[in-house]
Amino acid sequence: MPRIRMLTSVSGDGFAWQAGQEVELPGPEATAWADGVRAVLVRTTAVETPETAAPERATRKRRPAKARTPE
């Protein structure tokens, strides 16, 4: 069953949910509640991320050497 996280507190005949509470509901009902205003769907599977490579380091560009004038 999908889970939703309530964004606002709501109550009705036989239920009362607080903001932040996670609730399991049947698919179509969960989708109806998860409209981004009243609730959002909770991801139950881990998100796959690519392996992280070493972070790139910023390198400073060197200025060309000033030409020396003969004295």
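Which residue forms a salt bridge with R38, and how far apart are the closest N and O atoms? In this predicted model, the partner of R38 is D35, and the closest N and O atoms of the pair are 3.1 Å apart. Both residues are partly exposed, since a relative accessible area between 20% and 50% falls into that class: R38 has a relative accessibility of 31%, and D35 has one of 41%.

The salt bridge between R38 and D35 belongs to a total of four, and the reader can next turn to the part of the chain where strand β1 and strand β4 are linked. R3, which lies in strand β1, forms a salt bridge with E22, and here the closest N and O atoms are 3.2 Å apart. This pair joins distant parts of the chain, because E22 lies in strand β4, made up of residues 22–24, and is 19 residues away from R3 along the sequence. R3 itself is partly exposed, with a relative accessible area of 25%, and E22 also counts as partly exposed, at 31% relative accessibility.

E22 has a salt bridge with R5 as well, in which the side chains meet with a distance of 2.8 Å from N to O. This pair, too, links distant parts of the chain, with R5 in strand β1 and E22 in strand β4, 17 residues apart. R5 is partly exposed, its relative accessible area being 34%. When the view is widened to include E24, a network of salt bridges appears, in which R3, R5, E22 and E24 are linked.

Just ahead of these residues in the sequence stands P2, which lies in the segment before β1, the strand that covers residues 3–6. P2 is partly exposed, with a relative accessible area of 31%, and it is in contact with residues from elsewhere in the chain. Leaving aside the neighbours of P2 within four places in sequence, these contacts are V23, E24, L25, P26, G27, A30 and L41. E24 thus appears among the contacts of P2 and also in the salt-bridge network with R3, R5 and E22. For a sense of distance across the model, the reader may look from P2 to E51, a residue 49 places away along the chain, where the two C-alpha atoms are separated by 28 Å.

Notes:
Residues numbered from 1 in each chain as written. Predicted model: local features only at pLDDT ≥ 70, side-chain atom pairs only at ≥ 80, totals over all residues. Heavy atoms only, no water. Helix = DSSP H or I, 4+ residues; strand = E, 2+ residues; numbered from the N terminus. Buried < 20%, exposed > 50% of the residue type's maximum accessible area, 1.4 Å probe, protein only. Contact = heavy atoms within 4.5 Å.
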